[in-house]
Amino acid sequence: MAIRPQFEYEPPKIKTRDINTPVYFYTQNSTGPEPGTDKGDQLFWCLAEVYDPSSKDLSILDSHSVNEGVTINIPDPLGEYLPSNKHLAEIDDYRYKGQDGKPKTWDIVEVSPDFHDSRFIKIILGRDGS
């Protein structure tokens with residue numbers, strides 16, 4: 001009798017119900033030699049899982065000298081859009097609006113494709129807090 005390997009189903013860490021917040025990605029408009037934070041054309045939008053940065057994410061944000069940070073997981077767009085640290089993002093949620101009621105604009109600090117679960121891309125967003 002042959003011994004067969006036993007496999008146990010592992011449910012995905014990210015559930016479909018967790019991906020429920022609209023996120024928009026834009027180009028950066030730069031009017032001078034300094035990196036700009038003015039958003040340009042919309043490149044892509046999708047629903048994302050939005051959560052507070054982990055301690056590892058916070059250390060990455062600290063190295064980029066940002067005051068505010070958030071981490072998002074987006075479904076892998078499979079080449080339709082390639083996130084870059086040259087892009088900006090807006091999270092369409094009341095908790096991420098500024099004093100003026102408009103969505104805060106976030107810089108993409110780091111993009112991490114999940115090679116273990118290729119269905120998602122983790123993106124760390126940061127801003128200077130002003």
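A salt bridge, as the term is used on this tour, is a side-chain nitrogen of Lys or Arg within 4 Å of a carboxyl oxygen of Asp or Glu. Bear in mind from the outset that the coordinates come from a predicted model.

**Stop one: Lys39 and Glu90**

Select Lys39 together with Glu90, whose side chains meet in a salt bridge at 2.7 Å, N to O. Lys39 belongs to strand S2 and Glu90 to strand S4, so this pair ties together parts of the chain that are 51 residues apart in sequence. Colouring by accessibility separates the two partners, since Glu90 counts as buried at 8% relative accessibility, whereas Lys39 is partly exposed at 37%. Keep Lys39 displayed and add Tyr26, because a charge sits over a ring if NZ of Lys is within 6 Å of the ring centre and within 35 degrees of the ring normal. Lys39 lies over the face of Tyr26, at 4.6 Å from the ring centre.

**Stop two: Arg127 and its partners**

Move next to Arg127, which forms a salt bridge with Glu68 through their side chains, 2.8 Å from N to O. Here strand S6 supplies Arg127 and strand S3 supplies Glu68, so parts that are 59 residues apart in sequence are tied together. Arg127 is buried, with a relative accessibility of 12%, while Glu68 is partly exposed at 23%. Adding Lys104 to the selection completes a network, in which salt bridges that share partners join Glu68, Lys104 and Arg127. Now show Trp106 as well: the charged end of Arg127 sits over the ring of Trp106, 5.8 Å from its centre.

**Stop three: from Trp106 to Tyr96**

With Trp106 still on screen, which is buried at 1% relative accessibility, select Tyr96, likewise buried, with a relative accessible area of 17%. Tyr96 and Trp106 make an edge-to-face aromatic pair, 6.1 Å centre to centre and with 70 degrees between the planes. The pair links distant parts of the chain, 10 residues apart, with Tyr96 in the loop between S4 and strand S5 and Trp106 in strand S5.

**Stop four: Phe44, Tyr81 and Phe25**

Five aromatic pairs are counted in the model, and one of them is Phe44 with Tyr81, a stacked arrangement with 5.1 Å between centres and 10 degrees between planes. Phe44 lies in strand S2 and Tyr81 in the loop between strand S3 and strand S4, so far along the chain that 37 residues separate them. Both rings are withdrawn from solvent by the accessibility criterion, Phe44 being buried at 13% and Tyr81 at 5%. Phe25 joins Phe44 and Tyr81 in one aromatic cluster. Expanding the selection around Phe25 brings up contacts beyond its sequence neighbours, including Asp41, Cys46, Ile72, Leu88 and Ile123.

**Stop five: the nonpolar cores**

Phe25 also leads into the largest nonpolar core, a set of 17 residues in which Val23, Phe25, Ile72, Ile74, Ile91, Ile123 and Leu125 touch the most other members. Select the strands in turn to see where this core comes from: S1, S2, S3, S4, S5 and S6 each supply at least two of its residues. A second, separate core has five residues, among them Ile60, Val66, Val109 and Ile124.

**Last stop: Arg95 and Asp93**

Six salt bridges are found in the whole structure, and the tour ends at the one between the side chains of Arg95 and Asp93, 2.8 Å from N to O. Arg95 is exposed, with a relative accessible area of 55%, whereas Asp93 is buried at 12%.

Technical notes. Residues numbered from 1 in each chain as written. Predicted model: local features only at pLDDT ≥ 70, side-chain atom pairs only at ≥ 80, totals over all residues. Heavy atoms only, no water. Phe/Tyr/Trp six-rings, centres within 6.5 Å; stacked < 30°, edge-to-face > 60°. Helix = DSSP H or I, 4+ residues; strand = E, 2+ residues; numbered from the N terminus. Buried < 20%, exposed > 50% of the residue type's maximum accessible area, 1.4 Å probe, protein only. Core = buried A, V, L, I, M, F, W, Y, C linked by side-chain atoms within 4.5 Å. Contact = heavy atoms within 4.5 Å. Lists of a residue's contacts leave out its neighbours within four places in sequence.
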